[in-house]
Amino acid sequence: MEIINKSELVKDKQLNKIMSLFSKDVTESNVGIYILKNDRDFIDISMSKELQFKVNKFLACENATAIFMHPENVIFMIEERILNFSGNLSVFYVNIPFTLSHELRHFRQAFFFGKRFDIMLSDYSIGYSELFKDNQYDKLHWCEKDAYTYSYRFTQKHKQEIMRIFNIDEWIYLLPFDYDIDYEKEWKNYKRKMGVLPKITWAVKDYFFWKKRLVN
């Protein structure tokens, strides 16, 4: 795991303490994490044309604060966007581990599904923030239900450590998420919608070649 921290508000020492709360399966993963000060910091990052296209699409979404890019296995978190979304420093410091754990969960989803992950995201849209305004959480994509549940549980479990790391006096309210997503069941739902030939092809690949990996 490689971490590039250009944040002005989150120190390397604080970030390292947050990372120590994750399991070794996560911290020893081959994922790159960039915590950038603002959108302009992307100028200093060497990217392929395909990744640049995806970054531009991400930046065009004003409500987006962070993203996991697949298959590049890289996470981008934008400090300025997270701070604007948070409103104050106390909320910001809780949102840092919340957002980080959220994006790492997307990485772990990709780790589990491998080449199937692109198919699992074929009906995904980055502009899902409107669903929060109307409390339509059940309409969220499966990957977001899973990631929000993971990050909610992670921050609740480690809230005392998070408060100490960032010197927070009072814990903030977090919207509770409690969805237990069955990965294999979700994949079966996508296979069910395939044509006959790809359905047979994936059935063979799943039976003989899919080395399923646990995701905690």
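These short exercises work through a predicted model.

**Exercise 1. The pocket**

Describe the largest pocket: its volume, its lining and the elements behind it.

*Solution.* Start with the volume, which is about 1400 Å³. Next, take the lining. It has 44 residues, and A66, Y124, Y128, E144 and Y148 lie nearest the centre of the pocket. Now find the elements that give two or more residues: α3, β3, α4, α5, α6, α7 and α8. The largest share, 7 residues, comes from α5. Last, sort the lining by type: 25 residues are nonpolar, 11 polar and 8 charged.

**Exercise 2. The loop between β3 and β4**

Find the cis peptide bond, then look at the phi of N73.

*Solution.* The cis bond joins H70 and P71, with omega about 10°. P71 sits in the loop between β3 and β4. N73 is in the loop between β3 and β4 too. Its phi is near 55°, a positive value in a residue other than glycine. Most residues other than glycine have a negative phi, and most peptide bonds are trans.

**Exercise 3. Two asparagines**

Decide for N73 and for N167: buried or exposed?

*Solution.* Buried means under 20% relative accessible area, and exposed means over 50%. N73 has 17%, so N73 is buried. N167 has 63%, so N167 is exposed. N167 lies in the loop between α9 and α10. The phi of N167 is near 55°.

**Exercise 4. A surface patch**

Which residues make the nonpolar surface patch of about 740 Å²?

*Solution.* The patch is made by V196, I200, V204, Y207, F208 and F209. Now place F209: the segment after α11 holds this residue. Its relative accessible area is 61%, so F209 is exposed.

Definitions and conventions:
Residues are numbered from 1 along each chain as its sequence is written. This is a predicted model: local features need pLDDT of at least 70, side-chain atom pairs count only at pLDDT 80 or more; totals for chains, interfaces and linings use all residues. Side-chain values use heavy atoms; hydrogens and water are left out. Patches are made of residues with over 30% relative accessible area and no salt bridge: like charges are joined within 9 Å, nonpolar side chains (Val, Leu, Ile, Met, Phe, Trp, Tyr) within 5 Å. Accessible areas come from the Shrake-Rupley method with a 1.4 Å probe; for residues, only the protein chains shown count as cover. A salt bridge is a side-chain nitrogen of Lys or Arg within 4 Å of a carboxyl oxygen of Asp or Glu. Helices (H or I, at least four residues) and strands (E, at least two) are DSSP runs, numbered from the N terminus. Buried means under 20% relative accessible area, exposed over 50%, partly exposed in between (1.4 Å probe, protein chains only). On a 1 Å grid over the protein atoms alone, a cavity is a set of points where a 1.4 Å probe fits but cannot get out, and a pocket is an open set with protein on both sides within 12 Å along at least five of seven lines; lining residues have an atom within 4 Å of a point. Grid points are joined across faces, edges and corners, and a volume is the space filled by probe spheres set on the points. Ala, Val, Leu, Ile, Met, Phe, Trp, Tyr, Cys and Pro count as nonpolar, Asp, Glu, Lys and Arg as charged, and the others, Gly among them, as polar.
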